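The following exercises ask the reader to work through one protein model, from its overall layout down to single residues. Each task is followed by a solution in steps.

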Amino acid sequence: MTTPFRVAKGLATVAAGCFAWGLVEATRFRVRHVTVPVLPPGGSELRILHLSDIHLLPGQQLKLNFLRSLAELEPDLVINTGDNIASDTATWPLMSALGRLQEVPGGFVDGGMLNCGAHHPVVLF
């Protein structure tokens, strides 16, 4: 027979596990390489870097370091979608971290919910 205490204990355990995984996932930045065969065979490759939903907060040094490292991929085109910042004070650290990527042709698509109301879109390219 299940008591309310056992149910509450089980729910608390699941909630703690979800919270812990959220902390881990929040710092698991990754680059995925996908080959899309749409250009004529034998032609030059086109390297596209798609940045999505950065949600930068002040002090997220691991994320800033990861963003800085993306310039080493030497993309031909940069597409940036979603919410870039999660705080108004994160704009300049983000701009600094993107550094050389801002010199690459590309586009910014502002489709994020955080850019409504008090937040304003930040066009990086």
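The exercises below concern a predicted model.

**Exercise 1. Determine how many helices and strands the protein has, and in which pattern they follow along the sequence.**

Solution. Step 1: the count gives three helices and three strands. Step 2: reading along the sequence, one obtains the pattern α-β-α-β-α-β. Step 3: as a complement to this layout, 26% of the 125 residues count as buried. Step 4: of the contacts between residues at least 6 apart in sequence, 80% join residues at least 24 apart.

**Exercise 2. Describe the sheet: state the strand order, the pairing and which strands stand at the edges.**

Solution. Step 1: the three strands form an open sheet in the order 1-2-3, and the pairing is parallel. Step 2: strand 1 (48-52) and strand 3 (106-109) each have a single partner strand, so one side of each lacks a neighbour in the sheet; these two strands stand at the edges. Step 3: on average, neighbouring strands are turned by 10 degrees against each other, direction ignored. Step 4: the link between strand 1 and strand 2 (residues 77-81) consists of five bridges, and Leu 49 stands opposite Val 78 of strand 2. Step 5: strand 2 is joined to strand 3 by four bridges, with Val 109 in strand 3 as the bridge partner of Thr 81.

**Exercise 3. Determine the handedness of the β-α-β units that connect the strands.**

Solution. Step 1: strand 1, helix 2 and strand 2 make a β-α-β unit that is right-handed. Step 2: from strand 2 the chain crosses through helix 3 to strand 3, and this crossover is right-handed.

**Exercise 4. Assign the side chains of strand 1 to the two faces and state which are buried.**

Solution. Step 1: in a regular strand, side chains alternate between the two faces of the sheet. Step 2: strand 1 shows this alternation, with Leu 49 and Leu 51 pointing to one face and Ile 48, His 50 and Ser 52 to the other. Step 3: Leu 49 and Leu 51 are buried, whereas Ile 48, His 50 and Ser 52 are not.

**Exercise 5. Characterise the packing of helix 2 against helix 3.**

Solution. Step 1: helix 2 (residues 61-69) and helix 3 pack at an angle of about 35 degrees, and their axes are 7 Å apart. Step 2: helix 2 contributes Leu 64, Leu 67 and Arg 68, while helix 3 contributes Pro 93, Leu 94, Ala 97 and Leu 98. Step 3: these residues divide into six nonpolar, no polar and one charged.

**Exercise 6. Is Ser 87 buried or exposed, and which residues does Ser 87 touch?**

Solution. Step 1: Ser 87 lies in the loop between strand 2 and helix 3 (91-98). Step 2: Ser 87 has a relative accessible area of 17%; the cut-off for buried is under 20%, so Ser 87 is buried. Step 3: leaving aside residues up to four places away in sequence, Ser 87 touches Leu 56, Leu 57 and Pro 58. Step 4: the side chains of Ser 87 and Thr 89 are joined by a polar contact of 2.9 Å.

Note on methods. Residues numbered from 1 in each chain as written. Predicted model: local features only at pLDDT ≥ 70, side-chain atom pairs only at ≥ 80, totals over all residues. Heavy atoms only, no water. Pairing = 2+ DSSP bridges. Axes fitted to C-alpha atoms, helices over the stretch in contact; angles between N-to-C directions. Buried < 20%, exposed > 50% of the residue type's maximum accessible area, 1.4 Å probe, protein only. Polar contact = N/O pair within 3.5 Å; in protein donor to acceptor, adjacent residues only side chain to side chain. Contact = heavy atoms within 4.5 Å. Nonpolar A, V, L, I, M, F, W, Y, C, P; charged D, E, K, R; others polar. Right-handed = clockwise from strand over helix to strand, strands pointing away.
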